[in-house]
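User: Please go through this structure with me by question and answer. I am in my first year, so give the cut-offs as the terms come up.

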Amino acid sequence: MIEAPGIENAAGLDREAKEELESLLGVAARVAPRNASLRRVYEGDFFPPTIGIDPVPEAARPGSRCEWPRKAVDAVAKRSRLQGFVFDGGASDPTVDRLVTDRGLLGSYNRNVPNALVHGCMFATVNNTPRGASVRFHSAETAAATWDAMEDRVGSGLVAASVARAPWSRAAPAAMQMNLHLPERVVVLRRAGPSSWEAESLPHPMGRPMMEAFCFQPSGMKPFGRSRITGEVVSLACDVMRTLDAMAVSSALYAHPKEYLLGLTDEQFDELVGNKRSVLINSLLMMTRDEDGRVPEFGQLAAVSPQPYIDLLRAYASLFSGATSVPLNSLGIVQDNPSSAEAIQAAREDICIDAEDLNESSRTSMRSVALMAMAVDRNVSPDGLTDVQKSVMPLFADPSKPSVVSQADAMVKVAAADPDFAGTDVFYEGIGFDQATIERIASERRRRRHERALADLLAGGGGYGSGGPVDDRPMD
């Protein structure tokens, strides 16, 4: 949570709000170190601790990095794609349409999904603005919440609504507005100085905090979910970094072979010590015999093969894949023999199940967000919405077909088995067309159908009103 000194003493803050605010500040302070650590691991900004046997000297640190923890997060995040909302009977709602088209709700969710997987949860707040309801997403680093076990939802929450640079905080952005979400109101806390705040209470009819949690694999003991970056993931990443460091040092030894000379006289030794670089394997090295007739012995240390390191990295990749369900090929491990399509699909099954778990919990949370947004625009509680509005349901892409190419291929196969499916809006959405393109296709089809009907009328070829067979197909 972004620091907000003095906020608990804001002017106009009543006792109930102050107690809840202090509780949330305590939650934020308790989880902040863990959240910061998870963020560093996700960004690859961490170094493995020593294990007591360190063959690489401190002065020879290659600085190897391992971003496999990012793979563990992104492999699921890329398979959780919000595509839109549907209502019973194909209806629509202007509030939801505006959130999708004007406020970019779909893209905002898709961009923030990694936050839910890094920290175990993220939050969405519904705000009442002069332009209507808006939805903002917050990571666990900029928001804190308590859980209401009886209602099975967020009990209260605190989010950083506005962050900017100020005269008293030029080094880093400071929180300028914090919103305290309570069941019957939102307390807006605005910064008036370095440590002075002013509170304003804004009631609402929601009957619950206008804040929703999006959690990955939540449970009764951990209602705010669990992180994809587990202790095992961090441990394996550290092992990989140590192996890469050792391999880098070994390759440096191979690039600069270690040579040795034995049996030198004192004069020869003194001469070569000052000219080490000139003594290479391709240089002409001339040595005289000593007084006993012996000649110096020249040799070169054999380079260590990188194969043991490669095998070790492959073993770590297998362990990491088992811990995270990330396919081996996503970790850069290429199999000797090409896998069949069935084998590739089987390797991705576990990661798709994890993504489906996330989509299932996010579907419930996003539905609550959509209901609150529609209720805000009408200044009613969610119970005051119509049955059609209450039927809203988020639509997520199939996790097993995250790319447009794979999804389009599946749609074409379905259309081949069911010709009536081809040409529908669902078909065009499945092959990757946006709504504007679908509307253009429908408009072009209507224009061409009208042109054919008019041509039939003029030619007397049995079109509408010609006495011939009537084309009773519906006009799109």
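**Cysteines, rings and cores**

Analyst: With a disulfide taken as a pair of cysteine sulfur atoms within 2.5 Å, the count comes to zero disulfides. This is a predicted model, in which local features need pLDDT of at least 70 and side-chain atom pairs count only at pLDDT 80 or more, while totals for chains, interfaces and linings use all residues. Residues are numbered from 1 along each chain as its sequence is written, and side-chain values use heavy atoms, leaving out hydrogens and water.

User: Which cysteine sulfur is closest to the sulfur of Cys 66, and why is there no bond?

Analyst: A disulfide is a covalent bond between the sulfur atoms of two cysteines. Cys 66 is buried at 3% relative accessibility, where buried means under 20% relative accessible area, exposed over 50% and partly exposed in between (1.4 Å probe, protein chains only). Its closest cysteine sulfur is 8.6 Å away, which is too far for a bond, and belongs to Cys 238.

User: How far is the sulfur of Cys 215 from the closest cysteine sulfur?

Analyst: Cys 215 is buried, with a relative accessible area of 6%. The closest cysteine sulfur is in Cys 121, and it is too far for a bond, at 5.3 Å.

User: How are the rings of Trp 147 and Phe 224 arranged as an aromatic pair?

Analyst: Rings of Phe, Tyr and Trp (its six-membered ring) pair if their centres lie within 6.5 Å; planes under 30 degrees apart are stacked, over 60 edge-to-face, and the rest tilted. A search of the whole structure finds seven such pairs. For Trp 147 and Phe 224 the centres are 5.4 Å apart and the planes are at 80 degrees, so the pair is edge-to-face.

User: How many residues apart in sequence are the parts that this pair ties together?

Analyst: Helices (H or I, at least four residues) and strands (E, at least two) are DSSP runs, numbered from the N terminus. Trp 147 lies in strand S4 (residues 143–148), and Phe 224 in the loop between strand S9 (211–215) and helix H5 (231–255). The pair therefore ties together parts whose separation in sequence is 77 residues.

User: Is Trp 147 buried, exposed or partly exposed?

Analyst: Its partner Phe 224 is buried, with a relative accessible area of 19%. Trp 147 has 29% relative accessibility, so this residue counts as partly exposed.

User: Which element gives the largest share of the largest nonpolar core?

Analyst: A nonpolar core is a set of buried Ala, Val, Leu, Ile, Met, Phe, Trp, Tyr and Cys residues joined through side-chain atoms within 4.5 Å. The largest one has 65 residues, of which Phe 85, Tyr 109, Phe 137 and Met 366 touch the most other members. The largest share, 13 residues, comes from residues 349–378, helix H9.

User: Which residues does Thr 243 touch, not counting residues up to four places away in sequence?

Analyst: Thr 243 is found in helix H5 and counts as buried at 6% relative accessibility. Contact means heavy atoms within 4.5 Å. With residues up to four places away in sequence left out, Thr 243 touches Tyr 309, Leu 312, Leu 313 and Tyr 316.

User: Which element has the highest mean pLDDT?

Analyst: pLDDT is the predictor's confidence in each residue, from 0 to 100. The mean for the protein is 84, and 83% of its residues reach 70 or more. Among the elements, helix H8 (residues 341–347) has the lowest mean, 62, and the highest, 97, belongs to S9.
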